[in-house]
Amino acid sequence: MRILVDIDTCTACRLCYDTLPQVFADRGDGIPIVWLRVKMDDSLKPSLLEVVESCPSNSIQLEEVG
Ligand code: SF4
């Protein structure tokens, strides 16, 4: 699964990295980065889906990769 963050629409609200620091981090200016080596085990998926749905600017997209 690929996680994409649209930094043009992100409002730097902190929700994603405060909620799921295993996946997201503050790159230093409030905009999130995604850890490149996230091991997406099933236990993280419910929290990730909740963060995606809760993002106030709908800036996080998930893509299945073959
Ligand atoms: S939850 Fe959305 S708006 Fe908030 S910091 Fe993360 S990507 Fe940006």
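In this predicted model, the side chain of Ser59 makes a polar contact of 2.6 Å with the side chain of Ser57. Ser59 has a second partner of this kind: its side chain is joined to that of Thr9 by a polar contact of 2.7 Å. As for its place in the fold, Ser59 belongs to the loop that runs between helix 2 (45-54) and strand 4 (60-63). Being in a loop doesn't put Ser59 on the outside here; it counts as buried because its relative accessibility is just 3%, and the cut-off for buried is under 20%. Leaving aside residues up to four places away in sequence, Ser59 touches Leu4, Val5, Asp6, Thr9 and Cys10.

Asn58 is found in the loop between helix 2 and strand 4 too, but its surroundings are another story. With 53% relative accessibility, Asn58 counts as exposed, since that label takes over 50%. Its backbone also stands out: phi is positive, at about 55°, although Asn58 is not a glycine. Most residues other than glycine have a negative phi.

Arg14 shows a positive phi as well, near 85°, and again the residue is something other than glycine. Arg14 lies in the loop between strand 1 and helix 1 (15-19). At 42% relative accessible area, Arg14 is partly exposed, so it falls between the buried and exposed cut-offs of 20% and 50%.

Arg14 also turns up among the residues around the ligand, as do Ser57 and Cys10, the one a polar partner of Ser59 and the other a contact of Ser59; the full set is Cys10, Thr11, Ala12, Cys13, Arg14, Leu15, Cys16, Pro32, Cys55, Ser57 and Ile60. Sorted by class, this shell holds 8 nonpolar, 2 polar and 1 charged residues. And where does the ligand sit? Its spot is the largest cavity.

Ile60 links that shell to Ile3, which touches Val23, Phe24, Val34, Leu48, Ile60, Gln61 and Leu62 once residues up to four places away in sequence are left out. Ile3 is part of strand 1 (residues 2-5), and it counts as buried because its relative accessibility is 14%. Ile31 sits 28 residues from Ile3 along the chain, and their C-alpha atoms are separated by 14 Å.

Over in helix 2 there is Pro46, which counts as exposed because its relative accessibility comes to 52%. Between Pro46 and Gln61, a contact of Ile3, there are 15 Å from C-alpha to C-alpha, and the two are 15 residues apart in sequence.

Methods. Residues are numbered from 1 along each chain as its sequence is written. This is a predicted model: local features need pLDDT of at least 70, side-chain atom pairs count only at pLDDT 80 or more; totals for chains, interfaces and linings use all residues. Side-chain values use heavy atoms; hydrogens and water are left out. A residue is near a molecule or strand if one of its heavy atoms lies within 4 Å of it. On a 1 Å grid over the protein atoms alone, a cavity is a set of points where a 1.4 Å probe fits but cannot get out, and a pocket is an open set with protein on both sides within 12 Å along at least five of seven lines; lining residues have an atom within 4 Å of a point. A molecule sits in a cavity or pocket if more than half of its atoms lie within 2 Å of its grid points. Ala, Val, Leu, Ile, Met, Phe, Trp, Tyr, Cys and Pro count as nonpolar, Asp, Glu, Lys and Arg as charged, and the others, Gly among them, as polar. Helices (H or I, at least four residues) and strands (E, at least two) are DSSP runs, numbered from the N terminus. Buried means under 20% relative accessible area, exposed over 50%, partly exposed in between (1.4 Å probe, protein chains only). Contact means heavy atoms within 4.5 Å. A polar contact is a pair of N or O atoms within 3.5 Å; within protein, one must be able to donate a hydrogen and the other to accept it, and residues adjacent in sequence count only if both atoms are side-chain atoms.
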